[in-house]
Every structure is written in C-alpha cells, then in structure tokens.
Amino acid sequence: MTILLSLQGVSKRFGGLQALSNVTFDLPQGQILGLIGPNGAGKTTLFNVINGVYRPENGRIVFRDKDVTGFKPYQLAKMGMARTHQIVRPLNELSVRENIMVGACFGHENQNLSNAAKIANEVLEFVGLGVRADQLAGSLNVAQKKRLEMARALAAHPYLLLLDEVLAGLNHSEIDNMIQTVLKIREQGITIIMIEHVMKAMMNISDRIVVLDYGQQIAEGNPEAITNDPKVIEAYLGDPRLAERLLEEA
Amino acid sequence: MKTWQRYSGIILPILAVAALAIWPTITGKAVNRESVFTILKAVALASSLNILLGYTGYVSFGHIVFYGFGGYVGLYLLTEQQWTLWNAILAGGFASGVLAFLLGTAILRLRGAYFALATIGINEAMKAFINNFELFGGPTGITLNFSVYKPYGGAAQALQTSFYIAAGLALLAILLSHFVRTSKFGLGLLAIRENEDAAEVMGVYAPKAKTWAYVLSAIIPGMVGVLFFFKNGNVEPHDAFPLHASIELLVMVMLGGQGTVLGPILGAFAYQGMRGFLVTSDFFKDIQLSVSGALLLIIVLFIPAGAIGWLRHQLPTLRRVLA
Amino acid sequence: MQQINLLLTSLPDGILLGFVYGLAAMGLTLIWGVMNVINLSHGPIIALGMFGTFYLFTRIGLNPYAGLILVAIVGLLLGILIYAVAVHRVINAPHLSSLLATFSVNMIIIGLGTAAFTTSPYNVDFAAGGFKLGSITLLGTRLIAALVAMLFTGGLYLFLFRTRPGKYIRAVANNRAAAELMGIPSTRILALSFGLGTMLAAVSGALIATFFPFSILAGGSYELKSFVIGVLGGLGNPIGALFGGLVLGMLEGIIPAFMESSWVPVIEFGLFVIILLVRPSGLFGAKQQ
C-alpha cells in the first residue's frame, strides 16, 4: 500500500486566527478520504494548503514521496494533483472544451493541443457535457459549471483529486449520479479527498474520514467509527446528550 | 481539424493588411501612402499590445515605452554606429524585448489597476531618464544626417522603402498574434486572463507565461519605433514616449475587439480613419480628441467587447473565422 | 555651502507646495478608496480649476481665495455629472472599463479645452507678498495655499467622521453591498464621493493657478504626481495622501540642491514603481480590499 499523500503536523495561521493546527494523516493510493467538519472548520483552507495556494507555517506535506511543502499550485499540478473549487471558477470566455483542454495541456501529462482536444472529448462524455462542448463556459448553469470544474481536473489525469463540495446544491437523484461518478473515478485509479456536508454520501463512499473542527483534527477513522464518535457528534450537534436522545428516539 | 479550418482565422487579417498595403500602389498618390503608413504602424502596435492586453488580460497604459526605447536604441546605432537599417530595426526590437523581460519580471506581479499605474510610471520614468541621457542626445534627441538615406536611394526612395517595411512589420505582428492565439502557450495566456488563480491551479506557470507575453508584445513596437524615427529623421524624448498615444493604442484594441487577431486591425483602421477625417474637417479639427473620447466612452459603456467581440457573441458559427 | 543655500530656499517652498500636491492627491485617493475607480480625468479637472480661478479673477476681479468657493462648488457638481454619465454604468465592471471611461472624459475635456482656450499659457497675476524667515523668503501665495489645503483636509476629516453623509460614505467604502442592505442610497453616495474627489482636484488647481502659469494641459503633470502620492500614501487613505504630498514636495525641494532638476521626474517615477513593487499599500497603509 503506497502512501500517495502525507500530512505531518500542518498548521496555518492568518494573522490572529489559527486556521489549521497540527493536521496529520496519511493517504494511501486508491483511497477515498472524506473531510468533514462544521462551516469554518478549515476544510477548504486545508485544501488550499495541500494545493499550494497557502504555505503552512509548520509541518510537512509529502506527495508522491517528495517533500512539496511550499510548492506553488502549478508545480503540484505538474506532479499530478488536481482540484475543484467550492465556488466554481470557470474560464468564462472560453468554450467548455477549451476549458477542459487547459486541464489536459498543463497537467502532469503536458499534452499538446490536438491530444488535449481528444482527451477533452472523452472527459466531456464522461461528465455528460458532450452537447455543450462549444458553448461558452460562462453561459452554463451552476450544476453544469460544477461538472465542468470536475472535467477540467479529470482531463489532467491526476494521481490525486481534491473535490470541494461537488454535491452542494444537487437534488437526491443528482447526488446519486455524482456518487456513481466519483466511484468510477476511483476505479480509474485516482485517489480522492472529498470535502462534503452531505453525510449520507460521505458515509457511503468514503473509505476513511477525517474530521476538522476549528482547525483541529478531532477524529479520524472509518465511517462507522466517526458516526459514533462523541466528539464528532458534539462538534456538529453541540450537545452530546441531545445526540443520545435522538439516537434513543430513532 | 482540417487545414483550411485551422488557418481560417488568419486569412481575413492577412487579406486586410495586404489590401491596405496594395491600395496606395494602385492609386499612386503619396498622400495615400502616408496615411496608410500611419494605419499600418497602428496595426503593428495594436496587434502587439493585444498579446498582453487581449490574450493575457493585463492592461498596459504605458506600452508606448517599448516603441520609444527600441526606437532610440535603433536610431542611435543607425546614426552613431553606422549600422544598416535592417540591423538597427532588429536591434531595436531586441532591446525592447530585453527591457520587457527585465520589467516584466518585476511588475507582472501586480494586478489590475496597480499594474496599469506601474506601466504609466515606467513610461514617464523612461521619458525623464532619456531626457537626461547624453548618449541619446538628452532633451534635443537624435537627428539624422541626410546622408544616412543615401544607401536607400535618397530620402524620397527611403520613404517608399519605409512603407514596405511598415507593411512587413504589420504582417509580422498579425502572424505573431495568430500563432500565439492558436498555440498551447496562447491557451495558457487565455486561461490566465479568465482566472489567473484557477489557471495556476491547473498547472499554468503564470509568471513565466506572462513575462514571455510581455516580451513578445514589446519586440515589434521596438522595431516600429526604429522605422518611424528613421523615416521622420529625428527623435526627441517627448515624441518617443507620448502617453496619449499609448492610450490611443488601448482604444484601438478595445474598439476592434481585444483578444482576437482581427480586432486590433479593425480598430486601428477605424480609429486612424476617424482621426484623419476629424483632423482635416474644419469643424472637428480642434475637438478631435473630444470626439475620440466620446467614441471611447460609448464603446466602453455599451459595447465593451468591441466590434469583433460583439460579432463573435452574436454569431457563434463565425467564431473560427472571426478569430 | 552653496548647496545649503539652495536647500534653504527650495525646501520650504517644496514643503508648502507639498500641501497642495497632497490636496490634489486626496481627491484621487478618496475616489479610489470609496469605489475602486482610478479617476483618469483628474488632471483636466485640476486644469479646469485653474481656468475657473483665472476667469473669476480677470472677468469679475474676484480674489482667487474667495473664488475658491465657487470653483469648489462647480468642481463638486462636475464630478457628480461625470459619475452619472461615465462611471455609474461600469462601476461593477472590471477595472479596465472604469479606467477607460474616466480616460475618455479626460480626452473630452482636453479636446474642448484646447478648442476653447488653446494651449498658450495663461497667468493669474495675483501676488500676496512674502514673509521673511531669517534668510528665507516664503511666498504669500504658497503660505495661504498651504493653509487652505490644511483647512480643506480638516474639513474633509470632519465631514467624513462627524456628519451623516460622511458616515454613509465610509460605510459604502467599507462594504457597498452591506451598506445598501442597511438602506444607504449607494448610488447617491458614490456620486457624492466622486464629486468630492473632483472638488478637491478643482480646488488644488485653483491654488496652483496662483503659483505658476498654466494651460489646459497643465493638469497632466499634477495628475501623475497624484498617482505617485496616492501610492506613497496608500491608495484610499486621504491622510496618507497629505503626508505623501509633503514627502513629494520635500523631495522636489531637496533634489535640485544635489543634481540637475531634470532628474526630479526620474526619481519621482522610479520611486513610484519601486513602492508599487515593494509596498503597494503605501507608506501609511492603504484601504484594505
């Protein structure tokens, strides 16, 4: 079991706010890791640190056996890391296909334009945006933009994929579809970290879960262990006795 | 993609420049040649600026500094060091490229309005510096001795030659613009323009890409500067770095449509044509700047994508041709 | 020894001029701070202030300092007009749009001004005597101008911090959306802010007219100085602008004692670019984005 990504004692502060303290975990290749926690817990900040947008004050990040602490986002992309954003960032004036080609051209495979176009077509089918290939990205609705965001990341054929709330705003059947998509991505051999609030989904597809609260790692383990962890329950519900009562009534 | 489809975006621009270049030869009038010369100069400058502004999304208000600096370097080599015109032009372009490389490394870190202000500051600093620089003639500048025109068949013939070189530079500019636009490098620039942070996350090495865009956008203006000062016979600091001209370049790019190959050509043609009309008309002569200003305001308020940009939005099928 | 003499004459003059530079820059930086727009018509408006004083002085014989009030009012109204016509539509568009919109106003004013006034120099022949301080003579016009600048600065401060419209302006500058949600009429406040900015520009022009001859193009160099000062003092920080103006004025006073005065622009703009690179928030801290 090779460890694809390893975080060791990662901390990040913004002025007076300690956004992350001492986050530590290993991510084996091929695993789906769920990252949960209340709003403001630092989940997206952690993604930003892993992805190179922020540099941690303390700690180390090891990706594919290389110490990448402090590496810039484009360096990590060239090593095979890709991510989606919670608030989508389409390249508005470019077509959907061109958006995806950027992912293929500048990812670790460094494709030329014509190969990138072929890869883009494949990925377009995979995420179901085939008919919209020539539309301007800015004209898509939010759900389609989220799929575009994912397609861009997939086109780079990454080793590690960071998904930031891909289920937000989707209805039940859309969520089920997306879960199937994520599982198919894992089947292609891509390791995934997912930030999510939709608990049903998380519990279903995560192999392991890390829980953040106020920047600290309060729990780590498989889904069952997490659901029964009193610290987690308190962080989400605020009152452990309330949790007991709810469990009794259920 | 089939070959003709791939190159369709370059056909219209080449035809446009060719038509411009041929027209004075057909009419045979020197005054037409001179007005087309101005247009060709504008096409070359605007297309080059477009690489930075239209493709990469960085607004330079002081782009004329490369025209002035390269022009000064080339003219100095021409007069003081007896270089040939061709070599001087190449040297001017090279000098501007180097300047852009050094500056870019420093100021491309700035975003938006801060970058624009920095480019203004650089233009003014360069103008003031050259004003003090004795090697380049200080405030009086450099004046060409008429004997310099002898190898080119005398002054009158030199004007004709200059015209052809201008056409060549304009053609070079649009070819460069096209090749950048349709290359992988260009795709990276467009990504930077749309969302620089997202582009970096996807692997675009933004600092290097921006610097090279800056360099590419500076070379041809440097060459044009040498040519223009050669034709003019002299150069002085305030002629070489006119801030107003710099902003007029912006107007041309925006008018025609930034981010396209055809746009700057159309914009240069329309703007210069309008200026020419205003300057010769008795009524508008004094207020031509006001009319240009009003036009710019209307464009900015109502058609921000420029003429070609607007057309591309309305007619998606023509997008590949109106590249 | 000769240098110290030069210094003693040019430095105080530079400092006094610096007050007026600071006033001009305050106009620019106020607009930037409130609505993130760099007013590229700043220069021509300064020039209009100069012409305003000129005509009031030569046609009506109105003392330039009394005429200031009128110039200020016209400057305010002009700014509101410019905001309504050119800026409002592009207030939320990318920076380039507002830069070009204000620049087009610049072109319009210069074009009309050139047609109306030509580019030959005009002069306001007003002398206010001088004060001797040891071996230094301070010109009356400079002293009064510096006083006026300080008055306006104080007035601006009082307006922003002690009146309700001023509070609204600060709210909109801080967070426009939130201010709107609390019922502040943001469009009117933005127009007012723009008008205040142009008013300061016009007033500084009126003061400069008592120093030097001018033309419609004279505003350009003061606009450039305002950029430099704005960045020095921190864009969006009016008090910083005043201090930045003093710094620039001092530099202009000191440099000619040590080298040719033609080097002054090189140093000014070199400093400008360096500050943009090294400390873009200015020496005194810019408004937080």
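These exercises work through chains A, B and C of a predicted model.

**Exercise 1. Overall form of chain C**

Determine how many helices and strands chain C has, in what order they run, and how its radius of gyration relates to that of a compact globule.

*Solution.*
Step 1. Count the elements. Chain C holds 11 helices and two strands.
Step 2. Read them along the sequence. The order is α-α-α-α-β-β-α-α-α-α-α-α-α.
Step 3. Take the extent. The C-alpha trace of chain C spans about 60 × 45 × 35 Å along its principal axes.
Step 4. Apply the globule rule. A compact globule of 289 residues would have a radius of gyration near 19 Å, and chain C has 19 Å, so the two agree.
Step 5. Look inside. Of the 289 residues in chain C, 54% count as buried.
Step 6. Check the contact range. Among contacts in chain C with a separation of 6 or more, 78% join residues 24 or more positions apart.

**Exercise 2. The contact between chains C and B**

Find how many residues each chain brings, and which helix of chain C gives the most.

*Solution.*
Step 1. Count both sides. Chain C brings 36 residues and chain B brings 35.
Step 2. List the elements of chain C that give two or more residues. They are helix 4 (95-117), helix 9 (219-233) and helix 11 (264-278).
Step 3. Pick the main contributor. Helix 4 of chain C gives the most, with 16 residues.
Step 4. Sort the side of chain C by residue class. There are 27 nonpolar, seven polar and two charged residues.

**Exercise 3. The contact between chains B and A**

Work out which helix of chain B gives the most to the side that touches chain A, and how that side divides by residue class.

*Solution.*
Step 1. Count both sides. Chain B supplies 15 residues and chain A supplies 23.
Step 2. Locate the helices on chain B. Helix 7 (184-194) and helix 8 (196-201) each give at least two residues to this side.
Step 3. Pick the main contributor. Helix 7 of chain B gives the most, with six residues.
Step 4. Sort the side of chain B. It divides into nine nonpolar, three polar and three charged residues.

**Exercise 4. Helix 12 of chain B and the nonpolar core**

Compare the reach of helix 12 of chain B with its expected span, then trace the contacts of Val43(B).

*Solution.*
Step 1. Take the span. Helix 12 of chain B covers residues 262-280, 19 residues in total, and reaches 27 Å from first C-alpha to last. That is close to the 27 Å expected at 1.5 Å a residue.
Step 2. Find its buried residues. Among them are Pro264(B), Ile265(B) and Ala268(B).
Step 3. Move to Val43(B). Leaving out residues up to four places away in sequence, Val43(B) touches Pro264(B), Ile265(B) and Ala268(B), as well as Val17(B), Ala170(B) and Ala173(B).
Step 4. Place Val43(B) in the core. The largest nonpolar core has 288 residues, and Val43(B) and Val203(C) have the most contacts inside it.
Step 5. Ask who supplies this core. Helix 9 (residues 206-232) of chain B gives the largest share, 17 residues. Each of domain 1 and domain 2 of chain A gives at least three.

**Exercise 5. The two domains of chain A**

State how far apart the C-alpha centres of the two domains lie, and how many residues each domain brings to their contact.

*Solution.*
Step 1. Set the bounds. Domain 1 is 1-80 + 159-223, and domain 2 is 87-157.
Step 2. Take the distance. Their C-alpha centres lie 22 Å apart.
Step 3. Count the contact. Domain 1 brings nine residues and domain 2 brings 10.
Step 4. Sort the side of domain 1. It has six nonpolar, two polar and one charged.

Definitions and conventions:
Residues are numbered from 1 along each chain as its sequence is written. Chains are lettered from A and ligands numbered from 1 in the order in which they are written. This is a predicted model: local features need pLDDT of at least 70, side-chain atom pairs count only at pLDDT 80 or more; totals for chains, interfaces and linings use all residues. Two residues are in contact if their C-beta atoms, placed from the backbone, lie within 7 Å. Helices (H or I, at least four residues) and strands (E, at least two) are DSSP runs, numbered from the N terminus. Ala, Val, Leu, Ile, Met, Phe, Trp, Tyr, Cys and Pro count as nonpolar, Asp, Glu, Lys and Arg as charged, and the others, Gly among them, as polar. The expected span of a helix is 1.5 Å times one less than its number of residues. A residue is buried if 20 or more other C-beta atoms lie within 10 Å of its own, exposed if 12 or fewer, and partly exposed in between; C-beta atoms are placed from the backbone. A nonpolar core is a set of buried Ala, Val, Leu, Ile, Met, Phe, Trp, Tyr and Cys residues joined through C-beta atoms within 7 Å. Domain bounds come from an automatic or database domain assignment. The radius of gyration is taken over C-alpha atoms; the globule rule is 2.2 Å times the number of residues to the power 0.38.
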